[in-house]
Number of protein chains: 2
Amino acid sequence: MSQRAFQDYYPEEVSHCYGCGRHNEYGLQLKSYWDGEEAVAIYEPQPYHCGVAGFVYGGLMASLIDCHAMATAAAATYRAEGREMDSDPPLRFVTGSLSVRYVRPTPMGTPLELRGRVKEIKGRKVTISVNLSAKGQRCVIGEAVGIQMPDHMMPNVEPHPTSDS
Amino acid sequence: MSQRAFQDYYPEEVSHCYGCGRHNEYGLQLKSYWDGEEAVAIYEPQPYHCGVAGFVYGGLMASLIDCHAMATAAAATYRAEGREMDSDPPLRFVTGSLSVRYVRPTPMGTPLELRGRVKEIKGRKVTISVNLSAKGQRCVIGEAVGIQMPDHMMPNVEPHPTSDS
């Protein structure tokens, strides 16, 4: 995937998120991309991201689903508005609610694939469903409601970064 | 709180969880305690645990709620069975589902207080509700369903650690 990730379009000032901010050196730096109608992200947990031995920590997967869903909410809204992701004003979503269901233990030592789909776009509110799989088996089902970031949380945001920033 | 935390009763073999395992040196090492009918845990996010600037990352809070709820599920089951937490066989729960609702942005730079309550104990399944507050204001409402860990996920577990282990 040589395209630019959704998160790489986030304005500088709102790119420090622990889960997906490109400016958070301690964070997970999740990257999400379109694959047709679905948004996909791959993440390989670190050895210390375990829950019980041999299985991935549920909180990590909830976090990945959260960030992937918010990125997908933004990308989908640009699409719905017929806008490029580097057009202004920038769109950024915060999580209103998140629910996850762990359908089977998720094995360590393999990349996790997240696939998100738009369930609903309603004004500033976007609902995204996400499946998380390991080795081709669906392990976690998630859904998140994103809310377009209120202006008071995104003060003095500069226009979009250029692609080499 | 000088008591021993719920998580300090987990058997050695299942104490590596990123969120609450005392043997995970890279993890959050959450500690939960009884306060009457409620279970309480305090966690102070690191500066890099931000979402957008000035506010705590939602995935971190989902993770804390998850671990606090599973610890409370175990502690509540011991209570319901009239057992001490260091009695055998040990109890350990895994998350079946988790839902969180972010009711206001959670400020950075202050400890987070989690308060859990048992909603239902039904066989091996325990539902816990959790409120997460900062500076006395409720910021996140969570609920998690814990399932008593299946034997195949907890192989060869030794009896409980002693209190100085």
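Contact here means heavy atoms within 4.5 Å. With that rule, 100% of the interface residues of chain B are also interface residues in chain A, so the copies meet through the same surface.

This is a predicted model, in which local features need pLDDT of at least 70, side-chain atom pairs count only at pLDDT 80 or more, and totals for chains, interfaces and linings use all residues. Residues are numbered from 1 along each chain as its sequence is written, chains are lettered from A and ligands numbered from 1 in the order in which they are written, and side-chain values use heavy atoms, leaving out hydrogens and water.

**How the copies relate**

Two copies of a chain are related by a rotation about an axis and a shift along it. Here the copies are superposed by least squares on the C-alpha atoms of residues with pLDDT of at least 70 in both. A rotation of 180 degrees, with 0.0 Å of shift along its axis, places chain B on chain A with an RMSD of 0.0 Å. That is the relation of a two-fold axis. B:Ser99 is the residue of chain B closest to this axis, at 2.0 Å (C-alpha).

**The sheet**

Helices (H or I, at least four residues) and strands (E, at least two) are DSSP runs, numbered from the N terminus. Two strands pair if DSSP finds at least two bridges between them. Twelve strands form an open sheet with antiparallel pairing. Their order is 1(A)-2(A)-4(A)-5(A)-6(A)-3(A)-3(B)-6(B)-5(B)-4(B)-2(B)-1(B). Strand 1 (33–35) of chain A and strand 1 (32–35) of chain B stand at the edges, each with a single partner strand, so one side of each has no neighbour in the sheet. From one strand to the next, the twist averages 30 degrees.

Two antiparallel pairs in chain B show the detail.

| Strand pair | Bridges | Facing residues |
|---|---|---|
| Strand 1 and strand 2 of chain B | Four bridges | B:Asp35 and B:Glu38 |
| Strand 4 (residues 112–122) and strand 5 (residues 125–134) of chain B | Ten bridges | B:Lys122 and B:Lys125 |

Strands 1 and 2 of chain B form a hairpin with two residues between them. In its turn, B:Gly36 has a positive phi of about 70 degrees.

**Helices across the sheet**

Axes are lines fitted to C-alpha atoms, for helices over the stretch in contact, and angles run from 0 to 180 degrees between N-to-C directions. Helix 1 (residues 58–80) of chain A runs at about 130 degrees to strand 3 of chain A. The strands it lies across include strand 3 (93–102) of chain B. Helix 1 (residues 58–80) of chain B lies across several strands, among them strand 3 of chain A. It runs at about 130 degrees to strand 3 of chain B.

**Local backbone**

Most residues other than glycine have a negative phi, and most peptide bonds are trans. Phi of A:Gln29 is positive, near 50 degrees. A:Gln29 sits in the segment before strand 1 of chain A. The peptide bond from A:Asp88 to A:Pro89 is cis, with omega near 0 degrees. A:Pro89 lies in the loop between helix 1 and strand 3 of chain A. In chain B, a cis peptide bond joins B:Asp88 and B:Pro89, with omega about -5 degrees. B:Pro89 is in the loop between helix 1 and strand 3 of chain B.
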